[in-house]
Amino acid sequence: MTKDITTRILHADRLGGVEHGAVLKPLHIATAYGYNTAEELTAVFQGDKSGHVYGRQGNPTTQALEAKISLMEDAVGTVSFATGMAAVCSTMLALLKKGDHVVASRFLFGNTASWMNTLSQLGCEVTLVDATQAAAVEAALRTETRIVFVETIANPRTQIADLEGIGKLCRPRGIVYIVDSTMTTPALFQPKAVQASLVIHSLSKSICGHGNALGGSVSDTGLFDWGAYPNLLPAYRKGAPTAWGLLQIKKKGLRDMGATLSSEHGHRIAAGAETLTLRMERACSNAMALAQWLEAQPLVSKVHYPGLASHAQHERAGKLFKSFGALLSFETVDGVSPFEVLNALELVIKSSHLGDNRTLAIPVAHTIFWEMGAEQRQTMEIADSLIRLSVGIEAQADLLADFANAFAKLGKK
Ligand SMILES: *Cc1c(COP(=O)(O)O)cnc(C)c1O
């Protein structure tokens, strides 16, 4: 089949064979699955025959979505979860033991940063480093380091991890390299290209795009040698080693922990994914125009967007990603509060979500990053005036006009 991502996603269900010749996978809402013989049921339970046993481990609808994500990431397999955070936590809990060490970027999505704090209370040590430099990651590595965790474009300050350099460090050392690619999506980047072991997505964001479903996923790129990973249980060392890691994540992280994606949400996410590349093209082009416009405003002191030549990792972004993303953030000059700016906008919605078709904005220090306190905000380079913009697919002229009107109002004060 053709290699183009959109074409493959659009035809994946049909070519996989759908009931009644339907062109897309229907909603399967059954909790339980019955078999004609006890032997057949046992074979499915023991993993010798493919099939479903109980809805907590997935159903045909979420399985079809997992197949699409695997296509998008060129992965050997995918496990879906109820949310992106469920994918992050369940994956790490399934792979780590007390005494293990994790190196993570210190520029992380706020709830993932909070989760790293929890993890350290559970007996795993976590070192947070400036992941824009592979040397900082290297300096933190220990013999007991099991996982390195980074985001592609960090939310909200858009720092870009040294994705290639970190991949080169992890692969020969047998360290699981987890890349949260929510901000880039498969439309811009495949973490497999930088030797990632596992790719995590919050499906609630751009992959769904319509703000009407929550979901998360973890995909195995097939590059990691699970045969040498010390924390896998004997029960999951069955068949080809490429499948072992994901099997343990599915059994421990999904079956035992239970944050399962519902078929309704999986279905909506699959529908959204069909237009991912179209939506990302438009949103990225809008983000670029807004970033350039904001950078020229006297009331704006800094704009953080990888597409701008002023961005510290502009070159890296250009080399690794198809375009520069739909997320940007900016700081206002002293005396202009982020609240004034946000309240002057009419079209842009004040909201904490991102990756939505609608443009959303939030004052991050006062909301998502409030709980962690001023000190941690400072190490994460979150200024008090920082506004995060998740740029949508509205007509560019309408978005620019909304900002022009808002800044004209502020200028008159
Ligand atoms: C939103 C987000 C998550 C968490 O996803 P949910 O689906 O909201 O739980 C994780 N990582 C990144 C980078 C995100 O933006």
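1. A residue counts as buried when its relative accessible area is under 20%, as exposed when the value is over 50%, and as partly exposed in between. Lys25, with a relative accessible area of 18%, is therefore buried, whereas Glu19, at 30%, is partly exposed. These two residues form a salt bridge in which the closest N and O atoms are 3.5 Å apart. The model discussed here is a predicted one, and the values in the points below should be read with that in mind.

2. On the overall architecture, the secondary structure of the protein comes to 15 helices and 12 strands. The radius of gyration is 22 Å, which agrees with the value near 22 Å that a compact globule of 413 residues would have. Taken along the principal axes, the C-alpha atoms fill a box of roughly 80 × 55 × 35 Å. Of the 413 residues, 54% count as buried, and the protein exposes about 17,200 Å², of which carbon and sulfur atoms supply 54%. Among the contacts with a separation of 6 or more, 70% come from residues 24 or more positions apart.

3. Lys205 deserves a point of its own, since UniProt, in an unreviewed entry, places the feature "modified residue: N6-(pyridoxal phosphate)lysine" at this position. In the model, Lys205 is found in the loop between strand S6 (198-202) and strand S7 (216-220). Its relative accessible area is 12%, and Lys205 is therefore counted as buried. When residues up to four places away in sequence are not counted, Lys205 touches Phe109, Thr182, His353, Leu354 and Gly355.

4. Turning to charged pairs, side chains of opposite charge can pair when their charged atoms come close. The structure holds 16 salt bridges, one of which joins the side chains of Arg157 and Glu381 at 2.6 Å, N to O. This pair links distant parts of the chain, 224 residues apart, with Arg157 in the loop between strand S4 (145-151) and helix H7 (163-173) and Glu381 in the loop between helix H14 (373-379) and strand S12 (387-390). Arg157 is buried, because its relative accessible area is 13%, while Glu381 counts as partly exposed at 33% relative accessibility.

5. A further salt bridge is formed by the side chains of Arg358 and Asp356, which meet at 2.8 Å, N to O. Here the arginine, Arg358, counts as partly exposed at 39% relative accessibility, and the acidic partner, Asp356, counts as buried at 8%. Elsewhere, salt bridges that share partners join Glu125, Arg142 and Glu144 into one network.

6. The loop between S4 and H7 also holds Thr158, which has a relative accessible area of 0% and is therefore buried. Leaving aside neighbours within four places in sequence, Thr158 is in contact with Ile153, His304, Tyr305, Pro306, His311, Gln313, Leu327 and Leu328. A reader inspecting this loop can thus view Thr158 together with Arg157, which is likewise buried, with a relative accessible area of 13%.

7. Helix H10 (residues 263-273) has as its buried residues Ser263, Gly266, Ile269, Ala270, Gly272 and Ala273. An α-helix has 3.6 residues a turn, so residues three or four places apart point the same way. The buried residues of H10 pack against H1, helix H3 (60-73) and helix H11 (276-295).

8. Helix H1 (residues 5-16) contains Thr6, whose relative accessible area of 18% places Thr6 among the buried residues, because the cut-off is under 20%. Apart from neighbours within four places in sequence, Thr6 is in contact with Glu274 and Thr277.

9. At the surface, Leu93, Leu122 and Met257 make a nonpolar patch of about 250 Å². One of these residues, Leu122, lies in the loop between helix H5 (110-121) and strand S3 (125-129). Leu122 counts as partly exposed, because its relative accessibility is 48%.

Technical notes:
Residues are numbered from 1 along each chain as its sequence is written. Side-chain values use heavy atoms; hydrogens and water are left out. Patches are made of residues with over 30% relative accessible area and no salt bridge: like charges are joined within 9 Å, nonpolar side chains (Val, Leu, Ile, Met, Phe, Trp, Tyr) within 5 Å. Accessible areas come from the Shrake-Rupley method with a 1.4 Å probe; for residues, only the protein chains shown count as cover. A salt bridge is a side-chain nitrogen of Lys or Arg within 4 Å of a carboxyl oxygen of Asp or Glu. Helices (H or I, at least four residues) and strands (E, at least two) are DSSP runs, numbered from the N terminus. Buried means under 20% relative accessible area, exposed over 50%, partly exposed in between (1.4 Å probe, protein chains only). UniProt positions are given in the numbering used here, feature names are shortened, and annotations may be inferred rather than shown by experiment. Contact means heavy atoms within 4.5 Å. The radius of gyration is taken over C-alpha atoms; the globule rule is 2.2 Å times the number of residues to the power 0.38.
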